[in-house]
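Reader: I would like a close look at a single part of this model, taken slowly and with the reasoning kept visible. Please choose one element and follow it from its own geometry to its surroundings.

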Amino acid sequence: MTPTRKHALMIDASRCIGCHSCAVACKMEHELPAGPRTVKVIQIGPLEADGPPMMRYETVTCFHCDRPACVSACPTGAMQKRPDGLVFSEPSLCIGCQTCAVACPFGIPELNPATGKIAKCDGCRERVDRGLWPACALKCPTGCLSYGAPLRVVQDLRMREAVTIARSIAVR
Amino acid sequence: MVDYQPLNRIAGTRKGFDRQVYSVCQECTVGCGLAAFLQDDIIVDVQGVEQHPVSRGRLCARGVAFTQGLRHPRRITLPAARNTLSQSFEAAMNWEKALDLFAERLRRIRDRESVDALVIGCDPEAGLDFWLGARRFARLWGTPHVYHPWDSPDAKQSLPLKSPTAPCTRWADSACLLLVEADLAATHPVAFGWVLEAQNKGAKLIVVDNRFTATMSKADLALTIRPGSGNRFGLWLMKAILEENRQHAQAVADNFEPAPDWQAAYDALDWEGLEPSTGLSQGGLLNVSRFLAGMPSAFVITGKRLEHLPSHGIWLTLCTAMGWAVRPNSGWYPLESGLPRFNCDSDIELPAAESIPPPAGPFPYQPPDRQERDLAFKALIASGNCLADFFLPLRPQLKRAELVGFFGSFPNFTCDQSHALFPAAAWAERDGLCFSNDRALQWANRIVAPADACRSGLDFWSGLAQRFGWQEFFPWIKKNDRADQAGFYDWLLKRSPDTQGCELAQIRAADHLQSWPADPEKLVRRQPPMFASDSGRLQPALPPAEFGAQERPEAEDLFPLAYHSTRVVSRATDAGRWWPWAAELEDENAVQIHPDIAQILGIENGDEVVVAGPRGCIDGRAWLSRMVGRRVIWSPQRLDESRVLVHKKGQSGEDALNRLKADLA
């Protein structure tokens with residue numbers, strides 16, 4: 001039975017070091033070839049604007065939209081949204097037409113050249129159905145990616161910020 | 001106080017498996033615990049070990065992608081040989097025949113040439129047992145020329161501490177971390193997690209490097225220095241501290257040899273020399289020294305490359321003068337300092353002293369102003385792709401070599417130059433002891449059987465030694481011609497003064513790891529006298545003569561840009577080039593050029609460019625970025641040059657030089 005309880009993947013970009021562990025973990029988990037990048041790490045900068053140079057990394061993966069354009073556009077019904085919110089492409093129905101890739105405003109779906117079908121983040125649905133964390137979050141060496149129930153994830157983010165502020169003003 | 005409890009990690013695999021093997025990742029020296037899941041002896045999944053004290057379940061891109069190399073179709077899995085480089089290899093020969101042929105040709109060279117005609121290059125990819133076996137074989141042969149990037153040129157001076165430096169897991173409890181030419185985010189991502197944890201606890205992170213790195217992007221204070229000037233930065237920092245009297249007076253009195261004049265050597269330095277030698281301003285340096293002086297504890301973490309440059313001892317002097325060497329959660333942490341002193345060949349009696357020439361000095365990382373050396377070798381045994389890495393300076397001399405043996409896994413430049421191929425077992429295909437950065441001893445179990453005829457480094461050296469009649473010095477060979485790895489490492493542990501008392505059986509039985517030295521009290525007993533000198537005190541490092549004088553590199557007129565190369569996050573060794581997932585992450589041919597310089601030269605992002613120096617050149621693809629300074633070029637490709645000129649393909653070097661000169665004027 002498909003679970004209905006929603007989970008959230010938290011991306012704390014301030015902790016991303018551009019190590020690509022998440023990208024490679026995803027490739028291994030889903031046995032993808034070189035080419036499609038279901039998780040991307042994008043380097044921004046260094047930028048110099050009235051101060052020292054700044055550089056950061058952004059981890060980008062499927063947002064699993066509430067109203068996903070890719071699902072509406074898919075002509076075969078391969079692209080689906082589960083009750084728990086995960087958007088995935090069913091390989092047995094996908095014909096590789098890439099209509100979803102055109103429809104997605106974030107350029108997430110990509111063609112898997114090995115299978116001729118769409119490759120995109122499916123939220124590690126088979127792992128989460130077993131109660132496991134998604135592969136990208138589990139391998140992340142810095143805690144940039146973490147996973148849990150939406151309320152708990154938001155609470156975690158608040159706690160992190162509170163601890164950072166509290167420790168920055170505390171005398172060590 | 002607000003306390004933070006992270007989300008519960010729920011680890012495991014969804015894939016079907018019939019066997020699970022716990023082992024240790026050996027892609028770098030962090031020593032992350034991993035669990036491999038196998039179905040029909042094929043790895044179907046790799047996960048980190050959640051209970052592992054160093055990695056805590058995390059793995060980096062390399063620690064996940066390594067499985068792609070094991071069953072790669074281009075992998076070398078059978079020995080092969082050829083008489084000349086113009087011939088193709090005669091493949092599908094067995095190890096015995098390949099070793100017989102190679103040993104016969106080696107013997108002919110030995111009979112005819114001096115003992116130093118043999119040079120051995122040990123790449124970390126070949127394994128620790130290859131390096132240690134090479135040292136034994138070389139001692140039996142009589143050649144001093146065995147090189148490995150982890151081999152410290154000043155092992156005795158760099159860490160003359162009675163007790164080893166604190167492990168990297170202690171970084172998390174320090175108030176300040178100073179990283180000098182150590183891009184941990186790229187080279188040791190899992191260990192960098194400890195740095196970020198310290199920062200989350202309020203620690204300040206100061207990063208000093210040759211370009212704006214991923215590590216630097218997380219820094220509270222970042223300084224970009226000239227390539228190769230890390231140790232010089234340390235000397236100027238010492239001057240800044242002494243000038244404002246910010247050193248720890250009691251620590252200086254307790255720990256330094258009584259030499260009242262040593263501070264005067266720093267006083268005599270003229271600040272005029274700071275910018276030409278490091279690229280820093282006096283104000284910027286004073287900022288760092290004042291910042292550091294206010295810290296109750298600090299770790300200074302220095303990159304491996306600094307060990308091969310002059311004045312490396314300044315870091316111990318600095319940490320001692322500031323009192324950090326004796327405080328908890330403080331000290332100097334030179335990267336790769338988790339390796340104990342190996343005593344793997346002293347049981348072999350040396351040939352007559354006069355017949356042994358001295359080693360050629362620091363090889364893996366050449367200082368930019370090095371003198372040309374001529375090793376005059378006739379035989380080379382190389383592993384990995386060392387001729388495209390730390391043995392680059394040997395390439396001009398290759399034509400004199402009569403015999404090159406290659407111990408490796410994939411076709412590369414070194415393989416192309418060889419007469420004999422010996423297929424190497426990957427780390428996942430052999431048992432072995434791991435010495436991690438954290439001074440941890442861990443037993444790494446073999447995950448899968450070696451592909452076809454691949455063998456370990458110790459197998460190679462044992463087989464070769466047998467053919468020279470030196471089998472008594474390699475007693476670990478078993479009836480099936482394979483070496484007993486456990487027997488070898490058990491013997492090794494007992495011979496090192498650092499690891500005496502560490503029992504292999506206990507390490508193998510331990511859940512995760514044990515630290516050396518066996519006596520853990522030594523780690524906390526950090527009281528004076530703490531140095532391994534006769535007096536128990538430290539001789540402070542002094543600035544060398546002529547230090548700070550304005551220097552201008554000879555080649556600057558024709559090659560106005562500095563060249564710098566470092567490793568990238570997705571590849572630690574040459575084998576990583578063959579993992580499709582890793583290969584697509586970063587372009588190994590990328591050439592970083594500052595946008596201002598690119599504009600002057602008419603180069604745009606993605607253009608094919610040539611980077612040329614006095615001795616050689618490389619091709620690459622332009623990556624315009626402010627990660628490099630205005631007059632610095634960076635690429636992951638190694639080039640045996642410190643000064644270069646860059647130009648677009650099709651553009652003449654003269655035109656590029658004229659444009660740059662006009663800009664300078």
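Author: Contact here means heavy atoms within 4.5 Å, and the packing described below is to be read in that sense. The model is predicted, and the part chosen is helix α21 of chain B, which covers residues 653-664.

This helix has 12 residues and reaches 16 Å from its first C-alpha to its last, close to the 16 Å expected at 1.5 Å a residue. Within α21(B), the residues B:A656, B:L657 and B:L660 are buried, a word that stands for under 20% relative accessible area. Seen down the axis of α21(B), the buried residues fall within an arc of 100°, so they line one face of the helix. An α-helix has 3.6 residues a turn, so residues three or four places apart point the same way.

On the face turned away from that buried side, α21(B) carries the exposed residues B:E654 and B:A662. The buried residues, for their part, pack against three elements of chain B, namely β18 (561-564), α20 (595-601) and β23 (643-648).

As for the surroundings, the secondary structure of chain B comes to 21 helices and 23 strands, and of the chain's 665 residues, 59% count as buried. Among the contacts in chain B with a separation of 6 or more, 72% are accounted for by residues 24 or more positions apart. Chain B exposes about 25600 Å², of which carbon and sulfur atoms supply 48%.

Methods: Residues numbered from 1 in each chain as written. Chains lettered and ligands numbered in written order. Predicted model: local features only at pLDDT ≥ 70, side-chain atom pairs only at ≥ 80, totals over all residues. Heavy atoms only, no water. Helix = DSSP H or I, 4+ residues; strand = E, 2+ residues; numbered from the N terminus. Buried < 20%, exposed > 50% of the residue type's maximum accessible area, 1.4 Å probe, protein only. Areas by Shrake-Rupley, 256 points an atom, 1.4 Å probe, with all protein chains shown as cover. Expected span 1.5 Å × (residues − 1). Arc of directions from axis to C-beta.
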